[in-house]
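Student: I am new to this structure and would like a close look at a single part of it. Please pick one helix or loop and take me through its surroundings.

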Amino acid sequence: MSSTDSPRPCSVPASVPGEPARAGERLREVRLAGYTLAVRSRAPDRADLPPALYVHGLGGSSDNWSPLMAQLTDVVDGEAVDLPGFGFSPPPEDGTYSLASHARAVVRLIEAGGRGPVHLFGNSMGGAVVTRVAAARPDLVRTVTLVSPALPEVPPQRTALPTALLAVPGVTRLFRRLTRDWTAERRTHELLALCYGDPTRVDPGHLAAAVAEFERRLALPYFWDVLAHSARGVVDSYTLGGQHSLWRQAERVLAPTLLVYGMRDQLISLRMARRAQAAFRDARLLTLLDAGHVAMMEYPEAVARAFRDLLNDLELRAKVEPVESDEAEGAPGRRPARPTGPAAEQGASRGAAARG
């Protein structure tokens, strides 16, 4: 049994009280073996669309995916999860926040809903989680879309060091003491300045909601522990070697993969984009000139376009697959080339389009 395999889970959906879900969204609670997860969803345009699951990053929540979810209701039936201890999900029963534990929660959620295989999306830490899931359980995954995935980068870029330091024992306590006079509004602005390429793009209404959400989270008794232990889980994953290395697991991902990087990302260096494109077997790269760490929030239209291009490429590929079968039998034929269409790397043009 792999690190993300699990016994047969059971799911008991229930509403999440007091959640100010965005218009058109629903937030429900799903109880699984070892986890209780809040799951955000938006009704698809049609009942027969394939399922998708969105996984947020460190300090984030399912709400981070709302802009992109709204863009893709015509092609997927989307759900976004609050990982254990984040958003409206309580901590896991065993108190473990390793990437393997987060991946196990994602696997159990997919299995419990009977929704696999799914189009799997991940941002930052969520991108590392999704990579583990796709490598260990290819049967549950149709495609993978990674937005600034937290794959090992040693040494990290200078602007990412304060975030990495959260993993060091005692640093979180020190940071809390040093920032005890900060308001939720200031904390939110600091976070946006770190994650966005251009924080002024944030809608005032969404900014107010983000401040209110930060105030709610700060009142949770486990807020800082979850942040510190999850950061430690990411850093610990960088030290793993052999088959447990995230780069080795990226090489094992069979699903077609869309990689999205922002040139203004202060947490994940753009230099990692090339390495990721080489590591994943079937990868397309989208580079956005003005995006930071959360391109799906800053430029959801551009990311949605690239994902649709990925789906179109797969449709075209399916039409030429019989050629591969003929080739295997000795008949003349040509194996489809690695995709180079609209969803392949077109960083400058995509970035310019997003900017406009």
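Tutor: What follows looks at one helix, after a few words on the whole chain and before some loop residues. The model is predicted.

The chain has 356 residues, and 52% of them count as buried. Its secondary structure consists of 13 helices and nine strands. If we take the contacts between residues at least 6 apart in sequence, 74% of them join residues at least 24 apart. The area exposed by the chain is about 15700 Å², with 53% of it supplied by carbon and sulfur atoms.

The part to look at closely is helix α10, which spans residues 271-279. Which of its residues are buried? They are Met272, Ala273, Ala276, Gln277 and Ala279. These residues cover an arc of only 160° around the axis, so they sit on the same side of α10. Turned away from that buried side is a face that carries Arg274 and Ala278, both exposed. As for what covers the buried residues of α10, the list includes the helix α9 (246-252) and the strands β8 (257-262) and β9 (283-288).

Now to the loops, beginning with serine 62. This residue is placed between β4 (51-55) and α1 (66-71). Although serine 62 is in a loop, its relative accessible area is 0%, so it counts as buried. Beyond its neighbours within four places in sequence, serine 62 is in contact with Leu27, Arg40, His56, Ala80, Val81 and Asp82. With one of these, arginine 40, serine 62 also forms a side-chain to side-chain polar contact of 2.9 Å.

Other loops hold backbone features worth finding. Most residues other than glycine have a negative phi, and most peptide bonds are trans. Glycine 116 and proline 117 are joined by a cis peptide bond, with omega about 0°. Proline 117 belongs to the loop that runs between α2 (99-113) and β6 (118-123). In the loop between β6 and α3 (125-136) is serine 124, whose phi is positive, near 55°. Serine 124 has a relative accessible area of 11%, and is therefore buried. Phi is also positive in serine 148, near 45°. The loop that holds serine 148 lies between β7 (141-147) and α4 (161-164). With a relative accessible area of 1%, serine 148 is buried.

To return to the helix, α10 has its buried residues on the same side, and the face turned away from them carries Arg274 and Ala278.

Definitions and conventions. Residues are numbered from 1 along each chain as its sequence is written. This is a predicted model: local features need pLDDT of at least 70, side-chain atom pairs count only at pLDDT 80 or more; totals for chains, interfaces and linings use all residues. Side-chain values use heavy atoms; hydrogens and water are left out. Helices (H or I, at least four residues) and strands (E, at least two) are DSSP runs, numbered from the N terminus. Buried means under 20% relative accessible area, exposed over 50%, partly exposed in between (1.4 Å probe, protein chains only). A polar contact is a pair of N or O atoms within 3.5 Å; within protein, one must be able to donate a hydrogen and the other to accept it, and residues adjacent in sequence count only if both atoms are side-chain atoms. Contact means heavy atoms within 4.5 Å. The arc is that of the directions from the helix axis to the C-beta atoms. Accessible areas come from the Shrake-Rupley method with a 1.4 Å probe; for residues, only the protein chains shown count as cover.
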